[in-house]
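Biologist: Could you take a close look at how the side chains pack in this model? I'd be glad of one connected walk through it.

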Amino acid sequence: MTNATTIRTNPTTWDELQLGVTAAPFTDAPLTRTDFVRYQGASGDMNPIHHDEQFARAAGFPTVFAVGMLPAGILATYATDWLGAANIRRFQVRFGEQAWPDDVLTYTGRIAGRREENGRRLVDVELTATRQTGGVHLRGSATFIVT
């Protein structure tokens, strides 16, 4: 394991993107029920567990909770804002803890690998969305081509 090097600006070149280098973290505004409903309308996923309090409680949850793909999309945007949407070659996420209304998520990224394949320079990035409690809502990874 390497020691992480945190920087204030996001590095983007091969020479800057050394193992352990991190992007500047992004802390989003608190999640709201309105965020959930807007995402549901845009995605077509109108599962009432994300917006109907009684339905969520009947299913055994204390309240409604975030549609997982909403923070996943924000995590993807965080990564592509750092290394460029045109440069992404792979992106995946794994869901962890639920995210609830009023949760504040902080998005982070770290260079976890560097390699050259077929004349292209690639970096692998570990991504995380962490709740204000310290619990991990999402873990993700992505691969980018860089110059």
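Modeller: Happily! Buried means under 20% relative accessible area, exposed over 50% and partly exposed in between (1.4 Å probe, protein chains only). This is a predicted model, where local features need pLDDT of at least 70 and side-chain atom pairs pLDDT 80 or more, while totals for chains, interfaces and linings use all residues. Residues are numbered from 1 along each chain as its sequence is written, and side-chain values use heavy atoms, leaving out hydrogens and water.

Let's start with D103, which counts as buried because its relative accessibility is 4%. You will find D103 in the loop between β4 (88-95) and β5 (strands are DSSP E runs of at least two residues, helices H or I runs of at least four, numbered from the N terminus). Its side chain makes a polar contact with the side chain of Q132, at 2.8 Å (N or O atoms within 3.5 Å, one able to donate a hydrogen and the other to accept it; sequence neighbours count only if both atoms are side-chain atoms). Setting aside residues up to four places away in sequence, D103 touches A29, P30, L31, Q98, R131 and Q132 (heavy atoms within 4.5 Å).

W100 lies in that loop between β4 and β5 too, and F65 in the loop between α2 (53-58) and α3, so their pairing ties together parts that are 35 residues apart in sequence. It is one of 3 aromatic pairs in the whole structure (Phe, Tyr or six-membered Trp ring centres within 6.5 Å; planes under 30 degrees apart are stacked, over 60 edge-to-face, the rest tilted). F65 and W100 meet edge-to-face, with 5.8 Å between centres and 75 degrees between planes. F65 is buried at 7% relative accessible area, and W100 is buried at 18%. Together with F61, F65 and W100 form one aromatic cluster.

Moving on into β5, we meet Y107, which is partnered by F26 of strand β3 (residues 26-27), so this pair ties together parts 81 residues apart in sequence. Their ring centres are 6.0 Å apart and their planes at 25 degrees, so the pair is stacked. Y107 is buried, with a relative accessible area of 0%, whereas F26 counts as partly exposed at 35% relative accessibility.

Finally, have a look at V123. Leaving out residues up to four places away in sequence, V123 touches W14, L17, L83, I111, G113, R114, A142, T143, F144 and V146.
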